[in-house]
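Got the viewer open? Let's take a walk through this one, a selection at a time.

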Number of protein chains: 2
Amino acid sequence: MKNRLRELREEKGLTQEELAKALGVTRQTIIAIEKGRYNPSLQLAFRMARFFNVRIEDIFIYEGENGEGR
Amino acid sequence: MKNRLRELREEKGLTQEELAKALGVTRQTIIAIEKGRYNPSLQLAFRMARFFNVRIEDIFIYEGENGEGR
DNA sequence: TAAGCATGTAAAGGAAGCTTTACGTAAAGG
DNA sequence: CCTTTACGTAAAGCTTCCTTTACATGCTTA
C-alpha cells in the first residue's frame with residue numbers, strides 16, 4: 001500500500017515532529033509510515049484523514065492483494 | 001469506533017464464514033470485528049470497502065478521540 | 001433424538017503497529 | 001568551529017490484530 005503522507009505533510013509545511021504531535025503519535029511512527037515500513041492502524045488513518053481534511057482513500061492507495069501496480 | 005459490518009453482511013445474505021473467505025481472513029476475525037472487540041487493519045478495511053463497494057468511512061464510524069459521541 | 005448450520009466464547013501463539021531511547025547524518029546559521 | 005533543526009536508523013518491549021484449535025449454544029429439520 002502506497003501513501004501520500006509526506007506529500008500532504010509538506011503541503012502544510014509541517015515537520016515530522018509537528019505532524020506526530022498533531023496526530024498523537026511519535027515521530028518514529030510518522031517516519032515508518034512515510035517510508036512505507038508499515039501501515040497505520042485504522043484509527044490512526046482516520047485521524048490523518050480528519051487532520052488533512054481528506055478521505056482515507058486520498059492518503060492511502062490500496063493496490064489490491066498483489067501489492068503492486070507496476 | 002463503531003462499524004456496520006454485520007449490517008452490510010446481512011444485506012448481502014452472507015454468513016460470517018462466507019464473508020471471511022471472501023475477505024481472506026478467518027471467521028474469528030469477522031466475529032471479533034462485528035462484536036467490536038477490535039478494529040481491522042487498514043488493509044482489511046480496504047478489502048471490506050472494496051468487497052461491499054462502499055467507502056471505508058461508510059463501514060467504520062470514527063467518533064473522535066474520546067470514543068463517544070454522547 | 002440426532003444431525004447440521006450459524007453464531008458465539010476462550011486461550012495460546014505469531015505478526016504488525018507503536019513507543020521509548022539512543023545514536024547518526026546533513027544542512028543552515030551564528 | 002559549534003549549535004540547532006530536520007530527517008534517518010536500530011533495537012527492545014508492549015499492545016493490537018489475526019490465526020488456529022476447541023468447545024458451547026440455539027435453531028431447524030429429519
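Start with the protein surface near DNA strand D: its residues split into five nonpolar, nine polar and five charged. Keep in mind that you're looking at a predicted model.

To see that surface yourself, select DNA strand D and pick up the protein residues near it; you should get 19. The closest of them come from both chains: A:Q16 and A:R37 on one, B:T29, B:Y38 and B:S41 on the other. Now flip the selection and look at the DNA side. Of the strand D atoms that come within 4 Å of the protein, 66% belong to sugar and phosphate.

Next, zoom in on some side chains of chain A. Show A:Q16 as sticks: one of its polar side-chain atoms sits 2.6 Å from a phosphate oxygen of DNA strand D. Then move to A:R27, where a polar side-chain atom lies 2.9 Å from an oxygen on a base of strand D. Its neighbour in your list, A:Q28, also points a polar side-chain atom at a base oxygen of strand D, at 3.0 Å.

Which elements give two or more residues to this surface? Colour α1 (5-11) and α3 (27-34) of chain A, plus α3 (27-34) of chain B, and you have them. The largest share is from α3(A), with three residues.

Now leave the DNA and turn to where the two protein chains meet. Select the contact residues: 17 from chain A and 17 from chain B. Between them, the chains bury about 1700 Å², and 66% of that is on carbon and sulfur atoms. On the chain A side, highlight A:L42, A:F46 and A:Y62; these lose the most area to chain B, together 40% of what that side buries.

How many salt bridges cross between chain A and chain B? The rule finds zero. Polar contacts are another matter to check: four residue pairs turn up across the interface, with both partners at pLDDT 80 or more.

For the last stop, stay on the side of chain A that touches chain B and colour α4 (42-52) and α5 (56-59), each of which supplies at least two residues to it. The largest share, six residues, comes from α4(A). Finally, colour that side by residue type: you'll find eight nonpolar, three polar and six charged.

Methods:
Residues numbered from 1 in each chain as written. Chains lettered and ligands numbered in written order. Predicted model: local features only at pLDDT ≥ 70, side-chain atom pairs only at ≥ 80, totals over all residues. Heavy atoms only, no water. Contact = heavy atoms within 4.5 Å. Buried area = accessible area lost by both parts, 1.4 Å probe. Salt bridge = Lys/Arg side-chain N within 4 Å of Asp/Glu carboxyl O. Polar contact = N/O pair within 3.5 Å; in protein donor to acceptor, adjacent residues only side chain to side chain. Helix = DSSP H or I, 4+ residues; strand = E, 2+ residues; numbered from the N terminus. Nonpolar A, V, L, I, M, F, W, Y, C, P; charged D, E, K, R; others polar. Near = heavy atom within 4 Å.
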